[in-house]
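Student: I am new to this structure. Can we go through its aromatic rings together?
Tutor: Gladly. Take a look at it, then ask away.

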Amino acid sequence: MPALDLAASNTDAVAVEIAEPRTPQEEILCTLFAEILGVDQVRPDADFFALGGQSLSAVKLLSRIRTVFGAELPIRAVFDTPTAAGLASLVVAGGTTRPPVLAGKRPELVPLSFAQRRLWFLHRMEGPSASYNLTMALHLTGTPNIPALRGAIAKVLARHESLRTVFPDVDGQPYQRILTDAEVPFKIVDMTPDALPKAAGYAFDLATEIPIRATLARISDTEHVLLLLVHHIASDGWSLAPLFRDLSAAYAGQDLPPLNIHYADYTVWQREVLGADDDPTSVLSGQLDHWRQALAGLPDAIELPTDRPRTANATRGGDVVEFELNTEVQAGMAKLARATGTTAFMILQAALASLLSRLGAGADIAIGTPVAGRLDEALDDLVGFFVNTLVLRNDLSGDPTFTELLHRVRTTDLAAYANQDVPFERLVEVVNPTRSLTHHPLFQVLLALQNNTGGELELSGLTVRPHEVATGTTRFDLSFVLAEGDGIKGVLEYATDLFDRRTTQSIVDRLTKFIETVVTQPKTRVSDVDILTADERKPLQGLPFGHEATTLPAAFEAQVERTPNRPAVECGDETLTYAELNERANQLARKLIDQGARPGEHVAVTIRPSIELIVACLAILKSGAGYVPVDPGYPAERIEFILGDVNPVCVVSAIEAQGFDTDNPAVALQPEDSAYVIYTSGSTGRPKGVVVPHRALLNLIVEYGRRFGADPDRRVLTFVSPSFDVSLSEFAQALFFGGCLVIPPAGVEFGEVLQDKDITHATVPAAVLATVEPRELPKLEVLVVGGEPSRPEVIRAWQPGRMLINAYGPTEATIESTFTVWGDEANPVLIGAPVNNVSAYVLDGRLTPVPVGVPGELYLAGAGLARGYLRRPALTGERFVADPFAANGSRMYRTGDVVRRRADGQLEFVGRTDDQVKVRGLRIELGEVEAALGRHPGIDAVAVAVHDAALVAYVVGDDLDSAELRRFIGASLPEYYVPSVFVRLDELPLTPNGKVDRRALPTPDVTSIEGRGPRSPREVLLCQLFAEVLKVEQVSIDDNFFDLGGHSLLATQLVSKIGAVLGAQLSIRTLFDAATVAELSTQLDEGDERDPFAMLLPLRTGGDGHPLFCVHPVGGLSWCYSTLLRGLDRDTPVYGLQSRSLSGGQPPATLEELVGDYVDQIRKVQPTGPYHLLGWSMGGHLAHAVAASLRQAGDEVPVLVVLDAYPVEPSLRRPMSARQVYDDLHAGYRRLGTTTAEPPADEEELKEELVRLLGTDEEMRGFDDAQLRRVLDATVANV
């Protein structure tokens, strides 16, 4: 559609003038316009939308045109030709119409409508719930005639079959059963605070209860509240008009004439008209083609600024916030709609999609919206569930202007309206998104603009007005429901599992602000519309404290003057005071100066942690040069690279500076001069040197003093390698406050050092702290943790009795940029607020601040910034960018870390920009998965990575089961966050500074679990049931039911079949939690330790009938008898008898011993007869022998079933060697075509070939080689 020139468009209000129609068609259409729009008269050239028409009223107009003229027009016709004159020409051209809804012959089992079917499925999956209750509460003033009210409700019930319908099922297939003698439950209660909420929260049992109830709450003799509660499966918003109209008439004593058609007639008509989706000529097939294309590649869910993550255990609790668009904005929307050929709804939709995109939802956003679904006016008088839900996909790619976005929305919506017959439930089945209990399929945000007339209840002698009742439930993450009147009033219903009221209030405030902007400035780009609050425009800033010194040597020398005789550094038995340390540093500094050390130069140090290292560090700083620590334990290649890159004036590997003056050297140092260079790993593998000035570390020292105090009795542990910047933090915490820096002996455990050395202050990587057993450390006052998120239980274990700090900061921003002190909130990803003189920005890709709660990239600015990368100007320019928020031309550092800003001003770490992966279009933060798994009590450490598009979790811990871990993480995160593969490691690989070395994580065997065969008879049966329901040939135990095309209706059928065959009472929800045979089998096995190779194999233990005992065929397994479960009465327990050797026992020496074994096993289940026995093939002979033994013992055997077993001719009865058995087996496989090769001559090779061939059997596809060899040995023994 070409861009519209808004300036040239006539956007003045349309004045309705009377004019004479030129044709009968125009006259009738003018009448229809006036009828639907609620005006007296309409001229033929008046614009339908200018007169107040909307999308829903356009649908209603088309329905009237269809009835009156017999012409079928698409909804686009009303938008393209919105006048009676224009539509008249189309009506004259005519068109085919679909058949009207008529009462006709109904099938024995009346099906549910497509819309009803989804609600029935949700009811079965979740159990009875108030989530889909429609509540109509009416305040009655006056004295109600209660018998008349009861009678009126009974008359309404008699007139509308939908209100007296229950929904039982047969084999998982629901149907409508319309009752003839139903009575509406009518309760009279006294009004109390919980009377109405309790009534509104009633949970219907749809299989047995009619879907309507009434409660009359008495306030006084003349004040009551009538609450009508109807389940959504029997009603919708458009049903209020006929419901209230009929109830009003019945209360007035009028008789209600019978309806010509009922809802059940509609459900039959719906299937006939829409046709089958496999019929290419059907309405349904054609419309499905549109939706397949329109929704191809749609993300499974959108990211919303939630306060809590989605979980599979959602309560569906809800609350609401109200908002309003004033009449000025409403008028602006009408003007913009006329100028762009759109509607108020389309403007609201575009604005909402834009806002969600700005709040982090991306550029591909699906929004759901209800449509009336009453496409035949014969349905207008019915109470029933006709409403359908459309999925409107909003494309915000390319940063469009709002006008451009409106054009996209108009195109999308008109196509959606033209294909609105496809029921949402069928759409879900066809698009087949990943099924999840954590979010609604296809969309999670609903938008509705209500302009249907709800009708008014008029009760003779009473004044009736609406009465608000909060249901406390919700169906979607966010539901925006608006209604036009004098202004536009709106309600946002939100899921309290996900959102706090403060967050949703901010959402509606931003939406209101967004709409106010775009209706007056529609050519503004979506990304440029201001949605921020004044506080959000400001960066997070640390306090403006400064240090009296301007360089590190000056600050240290001032400390020496204050505490010359206090211990400064301790290593083993050696301790230096501040004065001694200063003198030795001065001597070395003077020697370094003689060797060329000065500001602008660098000196490298290759000394291991010791007093000499501290002396060297101070000496280099005093010389004016930059300190470059190089861990001598590094590989020679890395050391060579660093020294070559930094080009130091000298390298200090030992200290020999006797004879030099001990006075402080006078060096002209500046705050911006290089204090030290720390080399960090580069993304290309090439280390990069970060140059940090004196100013930056001094700023951090000020923060330490402000936060930790200046107690000179502190004993600070130096723990990390000197090549990492945290070693400078330890150095600074001690030597600039009069404390003692304690250097521990090599190889001593962290906890022991803290205890033995009376450490008061320590800094430790989170990964290291997780390995340390907590202990009593009364002297430890401050423990700083950093590097990566800690686990909550680690936080809780170390927090009591001290200040436990989570420190965050890249080397480029001087060690620590933000701090948080952990208290009761053991939040591992909380990184706090900036240190003094540091600013933190959370920005989007356009360097625009994002709202509170929205993830964005963290940029740091201020006094803590490094100068850049040594000799890497291009990389410096890429990472240290101009600060657009500062007036002084300063820079900010792009951290690459994704964070979100909380309402309290603190930051939460979300992950790395390079740790963000996408699964089915959804962004996943690896750190969020790690944090969730880290809460598992059995996991000591965890790392998550992506290999070949699969999410892989590396876990450290004992007795970790993958299925259990999947269930654990699935309880707190969406299923697309659940790793596909779990790899157990003895320990995670760590870098020298204690962070997880992700490059060293082993590559998993992602395909190792794909395509596995069943491992038990139950899994054999489940695979068969999966395949039968899904209509596929074969299913492995790892195939996901929904990935193979399963949907809600098939899920109910599968659960029904499993219940009938296995006697297991499963809920549909269980299938969502465990959608593979392997997972489902685990669910069924909870509390059941049965061995699939035991002599006695329980196939079905439930039931009151006589057990059936089935004796194995020649292979020794009784798994084959699991197929009998489908044909036997479910009250019949079934057990298999298997060869003793399968479970590792010695095979019996004689037939008598074997029969005695089986009799013993049978009596464990059933001590006395009568016994029922069955055997197939060789099992038939054995069953006969067992029956004879039981009869000989005096027991009754009324049932002996022998399948495919015959007496062997005496001439054929002979012993067979193992080789003969092997040859016979191999010949059998050749006859079946499984192999064409000749049997190997070598017996061992033949055995291995037979093991391979056995593994091709459907029953044994899941066996390993050891199990297959046992089957082969049992076969030989049985023969």
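Student: Which residues form one aromatic cluster with Phe33?
Tutor: Phe48, Phe49 and Phe79 join Phe33 in that cluster. Keep in mind that this is a predicted model.

Student: How many aromatic pairs does a search of the whole structure find?
Tutor: The search finds 24. One of them is Tyr263 with Phe386.

Student: What makes the pair of Tyr263 and Phe386 edge-to-face?
Tutor: Two values decide. The centres are 5.0 Å apart, and a pair needs them within 6.5 Å. The planes stand at 65°, and over 60 counts as edge-to-face. So the pair earns both terms.

Student: Where in the chain do Tyr263 and Phe386 lie?
Tutor: Tyr263 is in helix α9, while Phe386 is in the loop between β10 and β11. They are 123 residues apart.

Student: Why is the pair of Phe719 and Phe750 called edge-to-face?
Tutor: Their planes meet at 70°, and the cut-off is over 60. The ring centres are 4.8 Å apart, so the limit of 6.5 Å is met too.

Student: Is Phe750 buried or exposed, and how do you know?
Tutor: Its relative accessible area is 3%. Buried means under 20%, so Phe750 is buried.

Student: What makes Phe719 partly exposed?
Tutor: Phe719 has a relative accessible area of 30%. That value lies between 20% and 50%, so partly exposed is the term.

Student: Which residue lies over the face of Tyr202?
Tutor: Arg213 does, at 3.8 Å from the ring centre.

Methods:
Residues numbered from 1 in each chain as written. Predicted model: local features only at pLDDT ≥ 70, side-chain atom pairs only at ≥ 80, totals over all residues. Heavy atoms only, no water. Phe/Tyr/Trp six-rings, centres within 6.5 Å; stacked < 30°, edge-to-face > 60°. Helix = DSSP H or I, 4+ residues; strand = E, 2+ residues; numbered from the N terminus. Buried < 20%, exposed > 50% of the residue type's maximum accessible area, 1.4 Å probe, protein only. Lys NZ or Arg CZ within 6 Å of the ring centre and 35° of its normal.
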